[in-house]
Amino acid sequence: MDKLKALSFDSLTALSLSIGGLAGVATFLAVGPLSGFFFIWAATIAWAAYFFLGASKEALINTIVCGIFGVFMAWITAILLTHIPATAILGFPFMAAITVAVAVVVMCLAANIPQLATIPASVLGYSSTFAYLLQTPDKLNQDVLLSISLSNPLLVISISIVVGTYFGQWSAQLSAKLTK
């Protein structure tokens, strides 16, 4: 530890080293022991949002709360989408578009509640959820969406957002230590 204390870096170098080192740890977890339960792409989106929102305690809270709110809104939307029959009078694509549009309006209007006011973080959670559902085979169905399992995006994407946000905080803290 004394050697670490003797090292001092400029802020960009310190931040680069801390983010790079922790990105390695996060990647190990995502492709190793937590594979299938922790998604690096969802985590790094939240990690970036934490920094974008100011890398503060408020940014940590807003990224997690609004990110999970976005996941929840996408989850509700996905459940509604699974109830639209392929033979819907206006057609599935049009009905899906209306469903998503209404959900996004509701998600944005929820910003009237101070705890849900960070719309970009909500959108990141919403988008991450649909990335998972649309790019992972056999996930956009009621069995998965209503299960109590780590296949359910309500759980797995929320976990990835929380862990990713904390990786952001840890990288900021490590960076601060490396600049002293």
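Okay, quick definition before I start: buried means under 20% relative accessible area, exposed means over 50%, and partly exposed is whatever falls in between. With that in hand, take N141. At 25% relative accessibility, N141 counts as partly exposed, because that value sits between the two cut-offs. As for where N141 is, you'll find it in the loop between α6 and α7. And what is the C-alpha separation between N141 and L81, which are 60 residues apart along the chain? The answer is 9.0 Å.

I should say right away that this is a predicted model. Mean pLDDT for the protein is 93, with 96% of residues reaching 70 or more. Which helix has the lowest confidence? That's α1, residues 2–6, with a mean of 54, while α4 has the highest, at 98.

Okay, on to the inside. The largest nonpolar core has 26 residues, and the ones touching the most other members are Y126, F130 and I157. Several elements give two or more residues to this core: α3 (40–52), α4 (57–82), α5 (92–109), α6 (119–135) and α8 (153–178). Of those, α4 gives the most, eight residues.

Let's zoom in on Y126. Setting aside residues up to four places away in sequence, Y126 touches G70, V71, M73, A74 and T77, and also V100, A103, V104 and M107. There's a second core too, separate from the big one: seven residues, among them A26, A30, F38 and W47.

Next up, S128, which is in helix α6. Buried or exposed, at 3% relative accessibility? Buried, since 3% is under the 20% cut-off. And which residues does S128 contact once you leave out neighbours within four places in sequence? Those are W41, A42, I45 and I157. You'll remember I157 from the largest core, as one of the three residues touching the most other members.

Last stop, the surface. There's a nonpolar patch here formed by L34, F37, I148, L150, L155 and I159, and together they have about 540 Å² of accessible area. Take L150 from that set: it lies in the loop between α7 (142–145) and α8. L150 is at 32% relative accessibility, so it counts as partly exposed, just as N141 does at 25%.

That's my tour, happy to go back to any of these on the screen.

Note on methods. Residues are numbered from 1 along each chain as its sequence is written. This is a predicted model: local features need pLDDT of at least 70, side-chain atom pairs count only at pLDDT 80 or more; totals for chains, interfaces and linings use all residues. Side-chain values use heavy atoms; hydrogens and water are left out. A nonpolar core is a set of buried Ala, Val, Leu, Ile, Met, Phe, Trp, Tyr and Cys residues joined through side-chain atoms within 4.5 Å. Buried means under 20% relative accessible area, exposed over 50%, partly exposed in between (1.4 Å probe, protein chains only). Helices (H or I, at least four residues) and strands (E, at least two) are DSSP runs, numbered from the N terminus. Contact means heavy atoms within 4.5 Å. Patches are made of residues with over 30% relative accessible area and no salt bridge: like charges are joined within 9 Å, nonpolar side chains (Val, Leu, Ile, Met, Phe, Trp, Tyr) within 5 Å. Accessible areas come from the Shrake-Rupley method with a 1.4 Å probe; for residues, only the protein chains shown count as cover. A salt bridge is a side-chain nitrogen of Lys or Arg within 4 Å of a carboxyl oxygen of Asp or Glu. pLDDT is the predictor's confidence in each residue, from 0 to 100.
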